[in-house]
Amino acid sequence: MIIHPAQRLAMDVADRLADPDAAPADYRAKDWWRQSLAHGIPGVALLHIELAAQGLRPWQRAHDWLAATARAPVTSGPDSHPYHGAPALAHALACAAEHLPGSYQRPLHTLDRQLAGDARRRLDAAHRRIEGGQLPALAEFDAIHGLTGYGARLLHRDPGSEVGRAVLGYLVRLAEPLTVDGQELPGWWTPSGPSGRPDARFPGGHANTGAAHGIAGALSLLSLAARRTTTVPGHLDALRTICAWLDRWRQDTDRGPAWPYWITPAELRTNRAEQGAPLRPSWCYGTAGVGRAQQLAAIALGDRGRQLAAENALADALTDPAQLTATTDISLCHGFAGLAHIAARAAHDALPETAPRLGALVPALLTAAQPAAALALVDAPDAGPGLLDGAAGVALAALAAGSTDPPSSAWDACLLIS
């Protein structure tokens, strides 16, 4: 077997993380590490699952990491969310179970019931909030803490389920405007700052455009569901509404189109976004995540013109020296590994006119990701072994970007990239 350098990098990281009991002690001492998809054990398990699914490393390692999460009860209910607790373990177990028929069925059944119950409670609260004319918190709807993230799990696990369709129906409703104090606002306008907490820099709140915490994540979920023929009343109209909002705030520069991270009340009043210096085009925020979401929406809508524009915007962002200079790390969430993964997945779905251009970007982005540096992240106090900021995420992105095929497991379903 010929081993691609990206495969070698992923295997090296996985070998360094072969045993969960040998992981850095600073992490093992913290309980969040056991339950965190973003930074802890479930995210590292995804690397071992993907390598095992490709036949590159043994399934026993994946099982060991999954078992390490389940050594004690996992959090469910209000203190859990898609990246922490029961939903996080459910995603990792489901990715493994797809390749090991009959495995993990009892815990998956329990976790599926917990996840569905939590989603229903959140949906009930969200609909009461809408009926009361109140604005949402970011954690109500976003991909990390909210119902978009729950929808990603449900779409992956059981696309036509009642609760999964209910999440889609909620997002359709979220796309409808709300009138607050006589002003019409998008339904996803939040009264907080981007952290989800009150912020003096955001008096009156903001509308978040990002894939992790904003409306681009909801757009991706609705689009992916439509591509799988799972739709609800108003579904395509909601896609068009969100796309029209993003069109309104697109900034056409000499470097190509770009989207701001958020819109403030002052910008809404003047109908002008004040982006300032070029922003990094990451998955979590910026043109890479928004561009991929718009590409997915265009495919779902059968809108060839929008698809071509989205793919060109993505390629422009990933070749703009100013935006790439603003990208200062190698992570999956907001660094070069994430850009390489998005470019590879976008190229896979792209039109004939743009697929070669997007595909040609992947090697340079992988080089910029400095995949060999991923090993150093394992022990880095500000990154570590995890998925979003750490070594496992870089390894997974390199593994996927180094191939013309989609990932063997659905590990990136949690990112709503594919």
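## A walk through the helices

H91 touches L37, L46, R153, H156, A410, W411, A413 and C414, leaving aside residues up to four places away in sequence. That's a good place to step into this structure, which is a predicted model. H91 belongs to helix α6, which covers residues 86–97. Is H91 buried or exposed? With a relative accessible area of 2%, H91 is buried.

Two of the residues that H91 touches, R153 and H156, are also on the list of buried residues in helix α9, so let's go there next.

### Helix α9 and its neighbours

How many of the 11 residues of α9 are buried? The count is 10, and α9 is mostly covered. The buried ones are L147, T148, G149, Y150, G151, A152, R153, L154, L155 and H156. What do they pack against? Their partners are α6, α7, α8 (138–141), α10 (162–174) and α11 (215–227).

Of those partners, α7 deserves a closer look. Helix α7 spans residues 105–131 and helix α9 spans residues 147–157; their axes come within 10 Å and cross at roughly 140 degrees. That angle makes α7 oblique to α9. The crossing of the two is left-handed. On the α7 side, the contact is made by Q105, L108, D112, L115, D118, A119, R122, L123 and A126, while α9 brings in L147, Y150, R153, L154 and R157. Sorted by class, the residues of this contact come out as 8 nonpolar, 1 polar and 5 charged.

### Two more helix pairs

Now for helix α1 (residues 5–16) and helix α20 (residues 391–401), whose axes come within 8 Å of each other. They cross at roughly 155 degrees, and α1 and α20 are therefore roughly antiparallel. α1 passes α20 in a left-handed crossing. Where they meet, α1 supplies A6, Q7, L9, A10 and V13, and α20 supplies A391, A392, A395, A398 and L399. The residues of this contact divide into 9 nonpolar, 1 polar and no charged.

Then there's helix α17 (residues 336–349) with helix α18 (residues 355–368). Their axes come within 8 Å and cross at roughly 160 degrees, so α17 and α18 also count as roughly antiparallel. This crossing is left-handed. F336, L339, A340, A343, A344, A346 and A347 of α17 meet A355, L358, G359, V362, L365, L366 and A368 of α18. By class, the contact of α17 with α18 holds 13 nonpolar, 1 polar and no charged residues.

Here are the three pairs side by side.

| Helix pair | Axes come within | Crossing angle |
|---|---|---|
| α7 and α9 | 10 Å | roughly 140 degrees |
| α1 and α20 | 8 Å | roughly 155 degrees |
| α17 and α18 | 8 Å | roughly 160 degrees |

### Residues that bridge the sequence

V44 sits in helix α4, residues 41–53. At 0% relative accessibility, V44 counts as buried. Which residues does V44 touch, not counting those up to four places away in sequence? They are L17, W33, W65, P385, G386 and A392. One of them, A392, is also part of the meeting between α1 and α20. As for W65, it is 21 residues from V44 in sequence, and their C-alpha atoms are 7.5 Å apart.

A300 offers another example, this time from helix α14 (residues 287–301). A300 and A226 are 74 residues apart along the chain, yet 5.8 Å separates their C-alpha atoms. Apart from residues up to four places away in sequence, A300 touches S223, A226, R227 and L239.

### What about the cysteines?

How many disulfides does a search of the whole structure find? The search comes back with 0. C333 is in no disulfide, and the nearest cysteine sulfur, belonging to C284, is 3.7 Å away. A disulfide would need the two sulfur atoms within 2.5 Å. C333 is buried, with a relative accessible area of 9%.

C414 is in no disulfide either: its nearest cysteine sulfur, that of C95, is 7.6 Å away. C414 is buried too, at a relative accessible area of 1%. That brings us back to the start, since C414 is among the residues that the buried H91 touches.

Definitions and conventions: Residues numbered from 1 in each chain as written. Predicted model: local features only at pLDDT ≥ 70, side-chain atom pairs only at ≥ 80, totals over all residues. Heavy atoms only, no water. Axes fitted to C-alpha atoms, helices over the stretch in contact; angles between N-to-C directions. Helix = DSSP H or I, 4+ residues; strand = E, 2+ residues; numbered from the N terminus. Parallel < 35°, antiparallel > 145°, perpendicular 65-115°, else oblique. Left-handed = near helix turned anticlockwise from the far one by under 90°. Contact = heavy atoms within 4.5 Å. Nonpolar A, V, L, I, M, F, W, Y, C, P; charged D, E, K, R; others polar. Buried < 20%, exposed > 50% of the residue type's maximum accessible area, 1.4 Å probe, protein only.
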